[in-house]
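Colleague: Before we discuss the assignments, please show me the model and explain the criteria behind each term.

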Amino acid sequence: MIEAQTKGSVSQLYPALARHWLIACRSSDLRHKPLGRTVLDTHLVLFRSASGHATALLDRCSHRNAPLSRGWIADGRVVCPYHGWQFDGAGTCQAVPGLCGAPQHHTRQVAAFPVVERDGFVWIWPHNASPTSAPYRFPLLDAPGYQSLTREYRFDAALPDALENFLDGTHTHYVHSGIIRTEGERKRTVAIIRRDAERVEVEYQDEGQQSGLISQIFGAGVDVAFGRFIMPALAQLEYRAGAQTRLLVNLFFTPETANRLRVFVLVTAQVPRLLRLVAPSLGGLLLGTVVKQDRAILKLQAENLARFGGPRYTSTELDVVGPHILRLLKSAQPPAIDQPLPERRVEMLM
Ligand code: FES
Ligand SMILES: [Fe+2]
């Protein structure tokens with residue numbers, strides 16, 4: 001079992017999270033049963049109300065605090081498994097079995113959290129204050145000619161480490177050797193780093209097709225790639241051929257705790273005609289392999305961080321995104337940047 005790498009609650013560690021929506025689950029996973037989820041150390045029960053809308057309550061019955069997520073749904077209300085109290089989507093108690101008086105009372109109220117369902121995901125605002133922003137919109141989802149697939153995983157890792165891992169090209173020769181890139185086949189590449197208050201973008205010029213299997217299958221014509229960190233927890237890779245997006249990989253990392261993440265993957269691709277039938281299974285297989293490799297190395301890293309009592313990192317010019325991610329996540333207020341910061345160029349062998 002991994003000891004806390006980083007002590008304290010995840011919201012205290014990364015105050016920027018308090019300004020953002022997070023993904024709680026995929027829409028397709030929210031059907032006829034209550035679903036228990038932890039987001040930013042808050043234990044929630046998600047379910048569909050009578051109108052079919054996704055709703056989220058604190059996963060603690062107001063009576064004797066049994067977990068509502070272990071109950072069931074009746075008429076769009078969640079039923080507590082202990083004495084059968086029923087709560088609607090707003091958290092109001094609507095039934096107390098055996099009670100002759102009215103079930104509603106303010107002391108029986110369970111806290112409800114704002115929820116938005118869009119793009120196949122259920123987004124939650126797991127904070128005490130009212131929403132001050134809107135959930136992120138994934139690009140290209142309904143664009144003609146594109147196919148999408150979603151997956152969900154769990155990682156034992158701290159949020160900035162997982163975000164950096166996905167956006168870091170320099171581990172791919174080792175952790176994903178042969179699948180993404182291969183050592184011994186490096187190309188000179190220029191990375192251009194752009195940063196504003198809500199994102200960091202790295203444009204990789206001149207690499208062209210990468211040396212691994214994924215590029216051999218899906219990467220025809222790709223001439224530029226982008227890696228982006230978008231607040232608060234999205235790592236996005238885009239591969240373009242000219243002005244056209246060929247492949248867009250989104251990984252949204254919802255922190256359950258400081259060291260445990262739920263990872264929502266959305267891959268959107270312009271698939272060559274010949275591959276359309278096999279693309280979902282082949283893409284899913286390659287994605288599964290890559291994620292397994294990342295999960296293993298992140299777990300090793302987290303275990304070693306725990307052994308040594310926390311991070312003591314050093315970086316080179318190749319570590320283009322990690323330090324920015326940490327700075328943005330740790331800023332309680334959005335950094336005051338009137339104009340985009342000047343671009344930075346780094347030459348590297350990728
Ligand atoms: S604990 Fe939930 S009804 Fe009693
Ligand atoms: Fe990786």
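Modeller: Two strands pair if DSSP finds at least two bridges between them, and strands (E, at least two residues) and helices (H or I, at least four) are DSSP runs, numbered from the N terminus. This is a predicted model, in which local features need pLDDT of at least 70 and side-chain atom pairs count only at pLDDT 80 or more, while totals for chains, interfaces and linings use all residues. Residues are numbered from 1 along each chain as its sequence is written, and chains are lettered from A and ligands numbered from 1 in the order in which they are written.

Colleague: What makes strand 15 and strand 16 a pair?

Modeller: Strand 15 (residues 224–230) and strand 16 (residues 234–241) share seven bridges in the antiparallel sense. The criterion is at least two bridges, so the two strands count as paired. Within the pair, R228 stands opposite Q236. The two strands form a hairpin, with three residues between them. Strand 14 (residues 199–205) is also joined to strand 15, by seven antiparallel bridges, and there E203 faces F226.

Colleague: Which residues of strand 15 lie on its covered face, and which on the uncovered one?

Modeller: A225, G227 and F229 make up the covered face, and V224, F226, R228 and I230 the uncovered one. In a regular strand the side chains alternate between the two faces of the sheet.

Colleague: Why are strand 5 and strand 8 called edge strands?

Modeller: Four strands form an open antiparallel sheet in the order 5-6-7-8. Strand 5 (72–74) and strand 8 (93–95) each pair on one side only. Strand 8 is joined to strand 7 (residues 86–87) by two antiparallel bridges, so this pairing satisfies the criterion of at least two. Q86 stands opposite A95 there.

Colleague: Which strands are the edges of the sheet with the order 1-11-10?

Modeller: That open sheet has three strands with antiparallel pairing, and its edges are strand 1 and strand 10 (115–118). The twist averages 30° from one strand to the next. Strand 1 is joined to strand 11 (residues 121–124) by four bridges, and C25 stands opposite V122.

Colleague: How do you know that helix 2 is mostly covered?

Modeller: A residue is buried if 20 or more other C-beta atoms, placed from the backbone, lie within 10 Å of its own (exposed: 12 or fewer; partly exposed: in between). In helix 2 (residues 159–167), nine of its nine residues are buried, among them D161, N165 and F166.

Colleague: What describes the packing of helix 2 and helix 6?

Modeller: Their axes (lines fitted to C-alpha atoms over the stretch in contact, with angles from 0 to 180 degrees between N-to-C directions) come within 9 Å and cross at roughly 145°. Helix 6 covers residues 322–330. Contact requires C-beta atoms, placed from the backbone, within 7 Å. L159, P160, L163 and E164 of helix 2 meet G322, I325, L326 and L329 of helix 6.

Colleague: Where are the domain bounds, and how many residues are in contact across them?

Modeller: The bounds come from an automatic or database domain assignment, which gives domain 1 (22–124) and domain 2 (146–349). Their C-alpha centres lie 35 Å apart, and nine residues of domain 1 are in contact with nine residues of domain 2. Strand 1 (22–26) and strand 2 (35–39) each supply at least two residues of the touching side of domain 1. Strand 1 gives the most, with three residues.

Definitions and conventions: Two residues are in contact if their C-beta atoms, placed from the backbone, lie within 7 Å.
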